[in-house]
Amino acid sequence: MLVLAIESSCDETGIALYDTEQGLIGHEVYSQIKIHADYGGVVPELASRDHVRKTIPIIKALMAKHNLNKADISAIAYTAGPGLVGALMVGACIAKSLAFAWGIPAIEVHHMEGHLLAPMLEENKPDFPFVALLVSGGHTQIVEVKGIGEYEILGESIDDAAGEAFDKTAKLLGLDYPGGPLLAKLALKGEPNKFKFPRPMTDRPGLDFSFSGLKTAAANAIRKEGIHLAGGQSTQENAPENVEQTKADIAHAFQQAVVDTIAIKCRRAIEQTGHKTLVIAGGVSANTELREKLEVLMKKHGGSVFYPRPEFCTDNGAMIAYAGAQRFHLGSKDLAVKAKPRWSI
Ligand code: KG4
Ligand code: ZN
């Protein structure tokens, strides 16, 4: 069975072809980053318009590249939510229209289920049950996964998502959008222990997170150091030559605080559930520090960590195609056009 997938929840148009026998046939991700960079964040209307422009041409090109035509496709999976409603509607309408025209089912997929199952696209994949850490720009969740569709959220962020905190702090440091990976790069040049930020909500039991205070802690440090950002240039009142180093030190301390906090909660989740497998997925799972810290943690617990290759950590169509194929197997075909900006997994 061959599934064509469309991911359009935010600022990436992801298209993929997944065959239940042969695995991933091919995929394409078109990023709108350049369009939104000038605005310092995603502009929803521009995102929708660009999905309209790109989706059909990418589908056509991908099918042509693999010598496939409509008769080869068994179902169309699309991201039905959560995400930007206009962007979701574009993907949903194109998926439903093609499904109608080709006489095949359209399958709605939860974006976070896509992220959660992305490690299944790798050769070395995790076995159920496992604990999944979902860390993206919109979500931070710890989920107990017993099988496809058997998910229990054990904890989540009560305010900003981890990726959102990375992006907001990066902006405070004068980095371009999306700042997460740029902040991680800057942190490499930072000296440890120059700044100490809190590990929020680790002093009480539970698996919930709060990251908005960390962003504030970083903002306070930036102000205290007298760093001013003007027109992309930063200056520091006291020692202008050190400004880049100070920014790197702050980035380092911020990243360390996020990574430590996440690791503490993951350790609790592993101890609480007794599972020996931890899966990390979503954009922030591309963070090398986080991966290394969690690898060490799981080694100590006699378990292992699984994560997708970097291109499948951030938004992509392949994960939606995989999740869609699994859903199709389970018989969850839905024929109403749905685009849900908020949707619990
Ligand atoms: O999963 P994703 O592509 O989109 C959402 O579903 O939100 O995640 C994007 C998020 C952004 O906040 C981005 O800054 C963050 O993932 N991100 C990173 C890294 N790569 C992407 N954050 C920290 N370190 C990275 N290396
Ligand atoms: Zn995502």
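## Two domains and a ligand

Domain 1 (2-117 + 312-330) and domain 2 (127-307) each contribute residues to the shell around ligand 1, so the ligand lies between the two domains. Keep in mind that this is a predicted model. Let's work through it.

**Exercise 1.** Find which residues come nearest to ligand 1, and which helices help build its shell.

*Solution.* Start with the neighbours: there are 19 residues around ligand 1. Nearest are Gly137, Gly163, Gly180, Gly283 and Thr314. Next, look at the helices: helix 5 (162-172) and helix 6 (179-187) each supply at least two residues of the shell. Helix 6 gives the most, with four residues.

**Exercise 2.** Sort the shell around ligand 1 by residue class.

*Solution.* Count the nonpolar residues and you get seven. The polar ones come to 10. That leaves the charged class, with two residues.

**Exercise 3.** Work out how domain 1 and domain 2 sit relative to each other, and what the domain 1 side of their contact is made of.

*Solution.* Take the domain bounds first: the assignment gives 2-117 + 312-330 for domain 1 and 127-307 for domain 2. Now go from centre to centre over C-alpha atoms, and the separation is 28 Å. Then check the contacts: 13 residues of domain 1 touch 19 residues of domain 2. On the domain 1 side, helix 1 (33-37), helix 4 (111-117) and helix 11 (317-330) are the elements giving two or more residues. Finally, sort that side by class: seven residues are nonpolar, six are polar and none are charged.

Conventions
Residues are numbered from 1 along each chain as its sequence is written. Chains are lettered from A and ligands numbered from 1 in the order in which they are written. This is a predicted model: local features need pLDDT of at least 70, side-chain atom pairs count only at pLDDT 80 or more; totals for chains, interfaces and linings use all residues. A residue is near a molecule or strand if its C-beta atom, placed from the backbone, lies within 6 Å of it. Ala, Val, Leu, Ile, Met, Phe, Trp, Tyr, Cys and Pro count as nonpolar, Asp, Glu, Lys and Arg as charged, and the others, Gly among them, as polar. Domain bounds come from an automatic or database domain assignment. Two residues are in contact if their C-beta atoms, placed from the backbone, lie within 7 Å.
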